Amino acid sequence: MTDRVVLAYSGGLDTSVAIGWIGEATGAEVIAVAVDVGQGGEDLETVRQRALDCGAVEAYVADAREEFAAGYCMPALQANALYMDAYPLVSAVSRPVIVKHLVAAAQQFGATTVAHGCTGKGNDQVRFEVGIQTLGPDLQCIAPVRDLALTREKAIAYAEANGLPIITTKKNPFSIDQNVWGRAVETGYLEDIWNGPTKDVYDYTDDPGFPPAPDEVVITFEQGVPTAIDGQAVTPLEAIQIMNQRAGAQGVGRIDIVEDRLVGIKSREIYEAPGAMALIAAHRELENVTLEREQARFKKTVGQRWTELVYDGQWFSPLKKSLDAFIADTQQMVSGDIRMQLHGGKATVTGRRSETSLYDFNLATYDEGDSFDQSQAKGFIELFGMSSKVASARDQRLGL
């Protein structure tokens with residue numbers, strides 16, 4: 001039986017050319033797998049037909065938008081996942097769901113190898129291959145751009161020589177990866193980190209310098225997941241899509257960062273994630289209301305480690321699974337409403353309410369109704385500072 005290779009297929013130049021390129025280089029048949037995680041563009045049937053026209057023996061397509069939103073974006077939201085305190089894992093969080101479908105297709109079609117279109121410089125090669133090896137330990141991985149020297153120039157020449165049904169004459173100056181959780185833009189003139197981004201970089205957001213009238217929105221959460229917007233029930237996917245539109249119209253979620261890649265180099269990245277950033281801001285504030293202090297402090301440490309694991313391609317790792325359990329436990333009381341004002345690039349929380357709130361008005365108020373016994377504060381302070389006081393007395397006695 002002829003060997004088969006499952007290819008992560010986008011429908012673009014490189015992966016379309018890779019179908020024939022892999023066949024010629026390895027002698028294997030190629031099964032193209034396209035996974036829709038909300039990247040927009042062409043419909044799945046068009047992408048599927050193009051794969052077949054480019055020489056794939058099978059083309060597997062999956063609408064994974066709901067799965068991606070509920071099973072991957074929501075855990076990132078519950079973790080308040082921001083790599084380097086800025087990047088909401090736009091690309092990183094999408095790779096595991098794609099990997100899941102690649103491995104399933106390999107098992108369904110009897111493939112021995114999985115291929116992806118990543119280069120040797122980026123993070124995604126690690127995310128794909130570690131995930132594939134974890135879910136399908138017997139599968140091999142190849143990367144045509146990295147392993148088979150498939151440059152863009154070679155890809156264009158191959159497509160033209162073989163009459164492939166793809167456009168090869170235009171070159172976007174940027175490398176773009178997008179899904180419902182956000183949009184990542186790099187390369188081109190952005191590689192000079194002194195250059196500011198121009199308006200053609202952006203697509204998900206409007207210019208925050210010229211915003212429309214302020215937009216007030218109320219987001220309802222149940223156990224850390226948005227379930228309604230302005231009182232209207234929503235699925236996780238709908239929540240992200242609605243907030244992408246509303247926050248994006250106000251220019252919320254533009255990120256310009258020099259990022260530490262897993263492979264050890266620094267890379268300048270532009271991100272747009274209006275829905276993700278607005279939802280994370282709302283979720284974080286609801287946690288401020290509903291999580292106990294020590295639990296909240298420790299969750300920040302867990303959330304940061306969770307974020308690093310996902311960024312580094314360890315979605316399916318034992319540690320990530322253990323951290324998932326902790327984060328899920330913290331979300332049991334994270335329910336309620338957050339009111340936000342979206343305007344001029346900012347998502348500002350202006351109101352909070354929750355049946356599981358730990359905010360006690362009578363303890364917090366300085367006015368009539370104050371139930372806090374201030375007489376207890378003096379003794380608390382003496383005990384709280386006791387260890388430092390004793391250590392300081394010793395140091396002064398020794399002249400330190």
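A helix, as I use the word here, is a DSSP run (H or I) of at least four residues, numbered from the N terminus.

**Entry 1: a loop with an unusual residue**

With that word settled, I went looking for Asp85 in this predicted model. I found Asp85 in the loop between helix H3 (65-78) and helix H4 (95-109). Its phi is near 60°, a positive value in a residue other than glycine. Is Asp85 buried or exposed? I looked up its relative accessibility, which is 72%, and since exposed means over 50%, Asp85 counts as exposed.

**Entry 2: another positive phi**

Next I turned to Asp230, which also has a positive phi, near 50°, and is not glycine either. Where does Asp230 lie? I placed Asp230 in the loop between strand E9 (225-229) and strand E10 (232-233). Its relative accessible area is 38%, so I noted Asp230 as partly exposed.

**Entry 3: the whole protein**

Then I stepped back for the overall picture. I noted 14 helices and 14 strands in the protein. The C-alpha trace spans about 85 × 55 × 45 Å along its principal axes. Of the 400 residues, 46% count as buried. The protein exposes about 20100 Å², and carbon and sulfur atoms supply 52% of that area.

I also checked how contacts relate to the sequence. Taking contacts between residues at least 6 apart in sequence, I found that 73% join residues at least 24 apart. For charges, I noted 36 positive and 55 negative ones, and their mean positions are 5 Å apart.

**Entry 4: the annotated binding site**

I opened the UniProt record, an unreviewed entry, and looked for "binding site". Which residues does this annotation cover? The record lists Ala8, Tyr9, Ser10, Gly11, Gly12, Leu13, Asp14, Thr15, Ser16 and Gly117. They span 110 residues in sequence, yet no two of their C-alpha atoms are more than 12.8 Å apart, so they gather at one spot.

I picked two of these residues for a better look, starting with Ala8. Ala8 is in strand E1 (residues 4-8). At a relative accessible area of 13%, Ala8 is buried, because buried means under 20%. What does Ala8 contact once its neighbours within four places in sequence are left aside? I wrote down Thr15, Val33, Leu102, Ala115 and His116.

My second pick was Gly11, in the loop between E1 and helix H1 (13-26). Gly11 is buried too, with a relative accessible area of 9%. Not counting residues up to four places away in sequence, Gly11 touches Ser16, Val47, Arg50 and Ile166.

**Entry 5: a hairpin with alternating side chains**

I finished with strand E11 (residues 254-260). Which of its side chains are buried? Ile255, Ile257 and Glu259 point to one face and are buried. Arg254, Asp256, Val258 and Asp260 point to the other face and are not buried. Why do they take turns like this? In a regular strand the side chains alternate between the two faces of the sheet.

I then followed the chain on to strand E12 (residues 266-272), which pairs with E11 in the antiparallel sense over seven bridges. As an example, I noted that Asp256 has Ile270 in E12 as its bridge partner. E11 and E12 form a hairpin, with five residues between the two strands. In the turn I found Gly264, with a positive phi of about 105°.

Note on methods:
Residues are numbered from 1 along each chain as its sequence is written. This is a predicted model: local features need pLDDT of at least 70, side-chain atom pairs count only at pLDDT 80 or more; totals for chains, interfaces and linings use all residues. Side-chain values use heavy atoms; hydrogens and water are left out. Buried means under 20% relative accessible area, exposed over 50%, partly exposed in between (1.4 Å probe, protein chains only). Contact means heavy atoms within 4.5 Å. Accessible areas come from the Shrake-Rupley method with a 1.4 Å probe; for residues, only the protein chains shown count as cover. Lys and Arg count as positive and Asp and Glu as negative; His and the chain ends are not counted. The place of a charge is taken as NZ of Lys, CZ of Arg, CG of Asp or CD of Glu. UniProt positions are given in the numbering used here, feature names are shortened, and annotations may be inferred rather than shown by experiment. Two strands pair if DSSP finds at least two bridges between them.
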